[in-house]
Amino acid sequence: MINEFCHFLAPDRVPENLGLSNKTSTSCVLSWDGVTNTHTDPDGAVTGYYIYYRKAGSNDTFDEVDVTEANKTVFTVGNLEKYAEYEFSIVAYNIYGKGNASDTFHCKTAEDGMCSLTLNDKFSQRNAGFF
């Protein structure tokens with residue numbers, strides 16, 4: 001019964017407008033809209049985010065990064081393979097637990113010596129509401 005109550009107070013909204021603000025040959029800089037608290041319990045406020053990622057198309061388990069600041073909505077995921085595509089999703093959490101995952105977003109790391117954003121990235125950002 002207590003577990004059901006706690007899950008009920010976990011964030012009930014998902015991070016939205018997940019996008020790419022920059023990339024290098026070994027990192028992707030993600031950005032998203034923060035999640036606001038819809039519960040009347042002030043302890044139900046979002047306290048952070050988990051970023052889940054793995055190589056796109058793989059069946060590997062997702063790696064997890066803990067972003068422990070609720071107001072931080074830009075984060076660099078590093079130590080990625082060069083010129084590889086990754087899939088990302090973001091989950092908000094509070095003291096009661098995790099919310100649901102965002103839509104999946106893809107980032108392909110750059111080749112060495114390339115500029116940070118390509119025309120396709122800019123097009124994807126415009127479609128995601130960044131322009």
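**Exercises on a predicted model**

Serine 89 touches Leu18, Tyr50, Ile51, Tyr52, Ala101, Ser102 and Asp103, leaving aside residues up to four places away in sequence. The model is predicted.

**Exercise 1.** Place serine 89 in its strand and decide whether it is buried or exposed.

*Solution.*
- Step 1. Find the element: serine 89 sits in strand 6, residues 85–94.
- Step 2. Take the relative accessibility of serine 89, which is 11%.
- Step 3. Apply the cut-off: buried means under 20%.
- Step 4. Conclude: serine 89 counts as buried because its relative accessibility is 11%.

**Exercise 2.** Work out the strand neighbours of strand 2 and how they run.

*Solution.*
- Step 1. Start with strand 1, residues 16–23: 5 bridges join it to strand 2, and the two run antiparallel.
- Step 2. Check the connection: strand 1 and strand 2 form a hairpin, with 4 residues between them.
- Step 3. Name a bridge pair: lysine 23 has cysteine 28 of strand 2 as its partner.
- Step 4. Turn to strand 5, residues 74–77: 4 bridges join strand 2 to it, again antiparallel.
- Step 5. Find the residue opposite cysteine 28 in strand 5: valine 77.

**Exercise 3.** Explain why strand 2 is described as largely enclosed.

*Solution.*
- Step 1. Strand 2 covers residues 28–33, which makes 6 residues.
- Step 2. Of these 6 residues, 5 are buried, so the rest of the structure largely encloses strand 2.

**Exercise 4.** Locate the disulfide and give its handedness.

*Solution.*
- Step 1. Count: the structure holds 1 disulfide.
- Step 2. Identify the pair: cysteine 28 and cysteine 107, with sulfur atoms 2.0 Å apart.
- Step 3. Test the distance: the cut-off for a disulfide is within 2.5 Å.
- Step 4. Read the torsion about the S-S bond of cysteine 28 and cysteine 107: it is about -85 degrees, so the disulfide is left-handed.
- Step 5. Place the ends: cysteine 28 lies in strand 2 and cysteine 107 in strand 8, residues 105–108, so the pair ties together parts 79 residues apart in sequence.
- Step 6. Check burial: cysteine 28 and cysteine 107 are both buried.

**Exercise 5.** Summarise the chain as a whole.

*Solution.*
- Step 1. Count elements: the chain has 2 helices and 8 strands.
- Step 2. Order them along the sequence: α-β-β-β-β-β-β-β-β-α.
- Step 3. State burial: 40% of the 131 residues are buried.
- Step 4. Give the surface: the chain exposes about 7900 Å², with 49% of it from carbon and sulfur atoms.
- Step 5. Look at contact range: among contacts between residues at least 6 apart in sequence, 65% join residues at least 24 apart.

Conventions
Residues numbered from 1 in each chain as written. Predicted model: local features only at pLDDT ≥ 70, side-chain atom pairs only at ≥ 80, totals over all residues. Heavy atoms only, no water. Buried < 20%, exposed > 50% of the residue type's maximum accessible area, 1.4 Å probe, protein only. Pairing = 2+ DSSP bridges. Contact = heavy atoms within 4.5 Å. Areas by Shrake-Rupley, 256 points an atom, 1.4 Å probe, with all protein chains shown as cover.
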